[in-house]
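Please explain how the parts of this protein fit together, beginning with how its helices pack and then turning to the metal site and a strand residue.

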Amino acid sequence: MRYAVISDIHSNLEALRAVLMDSSSFKVDNFICAGDIVGYAASPKECIAAVRSVCPKILIAGNHDYGVIELLDLEYFNERSRNAVLWTKGVLSQDDLDYLKTFVLLREEAKFTIVHGSLDNPGKFHYIFGRGDAYETVELMKTPVCFVGHSHVAEIFHFRENKMTRSTGPKIKIEYEDKYVINAGSIGQPRDGDPRASYAVYDDEEGTVEIRRVEYDIKAAQRKIMDAGLPLWLASRLAEGR
Ligand code: ZN
């Protein structure tokens with residue numbers, strides 16, 4: 001099976017569309033979504049509809065998804081993010097909210113696991129920011145690969161013979177006796193200095209993961225954010241990839 005691994009879309013429809021277009025050249029069989037379809041940008045409804053249309057069977061919740069359906073306390077968020085959650089909640093339909101309510105925190109498949117934050121207490125949405133954090137998840141992994149999101153940084157942690165290395169790919173070969181914590185990066189709000197949308201293509205038979213960066217119409221996404229009356233910083237950061 002070949003999968004497109006998508007994460008942290010954050011209501012950015014322009015970025016999501018560009019990624020779906022790019023992934024179509026890889027003939028993917030299915031999608032893996034590592035959470036946070038909504039929050040921050042101006043098109044939460046459209047992003048939910050687009051994700052539903054590619055129908056990832058393997059889908060988990062991010063903190064923003066759970067924030068809007070009140071499965072995560074708003075205390076978790078800083079003030080700016082909380083406002084984004086509340087705005088998003090106000091524009092979604094009951095059907096959208098019901099869809100988000102079907103999301104679980106963790107999925108374990110035969111060859112891979114997905115969680116939004118980290119494997120130690122998925123409901124707390126801890127960040128994996130470095131090799132130490134990645135190791136805490138490696139210790140809990142029952143599969144060779146764990147896909148995560150949340151930090152909006154595309155990176156791959158590789159654990160082999162008691163040693164953890166970090167890379168940004170872009171393409172790796174999976175050794176199934178090793179362990180990999182893979183962040184496909186953020187589609188809708190990258191924070192690793194590269195403003196292009198980020199996702200990954202995972203082929204479980206070939207045993208490869210490739211992180212892809214895709215140009216999209218950033219100005220159009222910014223315009224929608226401003227037209228919706230959302231804070232300016234949500235628009236400006238898209239051009240910086242921060
Ligand atoms: Zn996120």
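In this predicted model, the axes of helix H7, which spans residues 218-227, and helix H8, which spans residues 232-240, approach to within 8 Å and cross at roughly 175°. Since an angle over 145 degrees counts as roughly antiparallel, H7 and H8 are therefore roughly antiparallel to each other. On the H7 side the contact is made by Ile218, Ala221, Gln222, Ile225 and Met226, which meet Leu232, Leu234, Ala235, Ser236, Leu238 and Ala239 of H8. Sorted by class, the residues in this contact of H7 with H8 comprise 9 nonpolar and 2 polar ones, with no charged residues.

Several of the H7 residues can also be described by their burial: Ile218, Ala220, Ala221, Gln222 and Ile225 are buried. The buried residues of H7 pack not just against H8 but also against helix H1, residues 13-24. After H7 comes Gly229, which has a positive phi, near 80°.

The next topic is the metal site. The zinc ion has as its protein donors Asp8 through OD, His10 through NE2, Asp36 through OD and His152 through NE2, and these lie 2.0 to 2.6 Å from the ion. The angles that the 4 donor atoms subtend around the zinc ion run from 86 to 179°, which makes the arrangement irregular; for comparison, four donors would count as tetrahedral if all angles lay between 85 and 135 degrees. Water is not among the atoms, so sites may look incomplete.

Along the chain, the donors of the zinc ion follow the spacing D-x1-H-x25-D-x115-H. Asp36 sits in the loop between strand E2 (30-33) and helix H2 (44-54), while His152 sits in the loop between strand E6 (145-148) and strand E7 (155-160), so this pair ties together parts that are 116 residues apart in sequence. Both Asp36 and His152 are buried.

A last residue to consider is Arg166, which belongs to strand E8, residues 163-167. With a relative accessible area of 44%, Arg166 is partly exposed, a class that falls between the limits of 20% for buried and 50% for exposed. Leaving aside residues up to four places away in sequence, Arg166 touches Arg131, Val153, Glu155, Ile156 and Phe157. Arg166 and Val181, which are separated by 15 residues in sequence, are 9.5 Å apart in space when taken from C-alpha to C-alpha.

Notes. Residues are numbered from 1 along each chain as its sequence is written. This is a predicted model: local features need pLDDT of at least 70, side-chain atom pairs count only at pLDDT 80 or more; totals for chains, interfaces and linings use all residues. Side-chain values use heavy atoms; hydrogens and water are left out. Axes are lines fitted to C-alpha atoms, for helices over the stretch in contact, and angles run from 0 to 180 degrees between N-to-C directions. Helices (H or I, at least four residues) and strands (E, at least two) are DSSP runs, numbered from the N terminus. Angles under 35 degrees count as roughly parallel, over 145 as roughly antiparallel, 65 to 115 as roughly perpendicular and the rest as oblique. Contact means heavy atoms within 4.5 Å. Ala, Val, Leu, Ile, Met, Phe, Trp, Tyr, Cys and Pro count as nonpolar, Asp, Glu, Lys and Arg as charged, and the others, Gly among them, as polar. Donors are N, O and S atoms within 2.8 Å of the metal (3.2 Å for Na, K and Ca); water is not among the atoms, so sites may look incomplete. Four donors count as tetrahedral if all angles lie between 85 and 135 degrees; four count as square planar and six as octahedral if opposite donors are over 155 degrees apart and all others between 65 and 115; anything else is irregular. Buried means under 20% relative accessible area, exposed over 50%, partly exposed in between (1.4 Å probe, protein chains only).
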